[in-house]
Each structure stands twice: as structure tokens, then as C-alpha cells.
Amino acid sequence: MLAALPDEFPGFSALPREIRYLMGCGNFEQFLATYQALAKPFAYCPFCDGQEKEETYIMDTMHWVLRHNEFPAKGTKLMLLIVPKKHITDPLEFTTYDGQEIMTLFRHAINHFKIAGGALVMRFGDPQFHSGTVPHLHWNIIWPAGNVEYRVALAKDDDAREENYRRLLGFRVRFNDQGGESVALA
Ligand SMILES: [Zn+2]
């Protein structure tokens, strides 16, 4: 998935979807985890893995889990996730019954943590339009700190994308130095 990438940024729309996901990764560890999740989703997906992990688990329904976000962003008071137990990447797979379970967990989160305000957001579809890095769909519950700026980024301008592309090429060098795919997916 990385071998064929040209040295010059070919433009975001010319790149395959996996590369668009990888370009959103801010550091090598995140890049590696995303690469593994894209190459072998059932072995490495962060949301298929450890769904019942005690440190993050809060509550679940038949098809969905409410859990803490292990990597809360600066400028937030609380970040939670509502994640389908199944590896779902296409929002059209969701049904109205999923909507009921999502609302059950959302309401529980608000009541349990006394969330005063914030947002419930799900990125979906082509990463050109959401800048996400995890294909397994999920809802983010975000309670911002309230006294510092916090933005949910969805799209970036071309200069920022070109910069992300160069960062990705840097990750590729390190990835190959460490043995490439045969080591990463061992
Ligand atoms: Zn998954």
C-alpha cells in the first residue's frame, strides 16, 4: 500500500482511500496502528480489539459499546466513544435499531458523567471529508474544557495535505527501516 507512492504530492484526490487515512496520522505509532488496521482489520482494529477492556469499558448494549477514548484531546474535559461491536465501515449498514442503542448509551453517558454540554459526532465515508484515521465507524462524545479553543477538524486545505503527505513519506522510510510489512503484520 506504500510502495507505489510518488515522491511528489500527486493531489489528495489522486490517492487511494487507505493513503488518505494514513495521511491523518500525526505520529509514527498512530501511523503503524492505522496501517495494521487497514491491512488486517480483524487482527489489528483498535475498536475490534479490547472492547471489554476494563480501563475503558463503561457500558454496552446488544451491538454497541460505550467506552472512554484512550487518547483524549487537549482542551477537552471528557471524551467518550460509542462503538459498534461489529467492524462496520459503511454507515448504510446501520439500522434504526442501532439508533435506539446509540441513544441508550448517549443518554447514559450524559447522566452518568453529568456532561454539561458538547457534541456527538461521527466521521464517515471518504477521509477527504472528515480527516479521520480509524475506518471502524464510531461516535465521539466530546465535552470541551470550555475555556480553551477546541475544534473538530473535518477538512484541510491543500498546503496542509501536502505537508501531511511529506510526513507520511517520512513514516514510510522508518517503516521500511524496521522491516516493512513482514514485520508490522507478523
Ligand atoms: Zn474494527
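Look at the outward side of helix H5 in this predicted model: the face turned away from the buried side carries the exposed residues Asp-159, Glu-163, Arg-166 and Asp-177. Flip the helix around and you meet its buried residues, which include Leu-168, Leu-169 and Phe-171. Here's a quick tour of H5 and what it packs against.

**The helix itself**
- H5 covers residues 158–177, so at 1.5 Å a residue its 20 residues should span 28 Å.
- The C-alpha atoms at its two ends are 29 Å apart, which agrees with that expectation.
- Just past the end of H5, Gly-179 takes a positive phi of about 110 degrees.

**The buried face**
- Tucked away in H5 are Arg-161, Asn-164, Tyr-165, Leu-168, Leu-169, Phe-171, Arg-172 and Phe-175.
- Peer down the axis of H5 and these buried residues fall within an arc of 160 degrees, so they line one face of the helix.
- The buried residues of H5 pack against three helices: H1 (17–23), H2 (28–39) and H6 (180–184).

**Where H2 meets H5**
- The axes of H2 and H5 are 10 Å apart, and the two helices pack at an angle of about 80 degrees.
- An angle of 65 to 115 degrees counts as roughly perpendicular, so that's how H2 and H5 sit relative to each other.
- On the H2 side, the residues involved are Phe-28, Glu-29, Phe-31, Leu-32 and Tyr-35.
- Their partners in H5 are Leu-168, Phe-171, Arg-174 and Phe-175.
- Sort this contact by class and you get 7 nonpolar residues, 2 charged ones and no polar ones.

Note on methods. Residues are numbered from 1 along each chain as its sequence is written. This is a predicted model: local features need pLDDT of at least 70, side-chain atom pairs count only at pLDDT 80 or more; totals for chains, interfaces and linings use all residues. Side-chain values use heavy atoms; hydrogens and water are left out. Helices (H or I, at least four residues) and strands (E, at least two) are DSSP runs, numbered from the N terminus. The expected span of a helix is 1.5 Å times one less than its number of residues. Buried means under 20% relative accessible area, exposed over 50%, partly exposed in between (1.4 Å probe, protein chains only). The arc is that of the directions from the helix axis to the C-beta atoms. Contact means heavy atoms within 4.5 Å. Axes are lines fitted to C-alpha atoms, for helices over the stretch in contact, and angles run from 0 to 180 degrees between N-to-C directions. Angles under 35 degrees count as roughly parallel, over 145 as roughly antiparallel, 65 to 115 as roughly perpendicular and the rest as oblique. Ala, Val, Leu, Ile, Met, Phe, Trp, Tyr, Cys and Pro count as nonpolar, Asp, Glu, Lys and Arg as charged, and the others, Gly among them, as polar.
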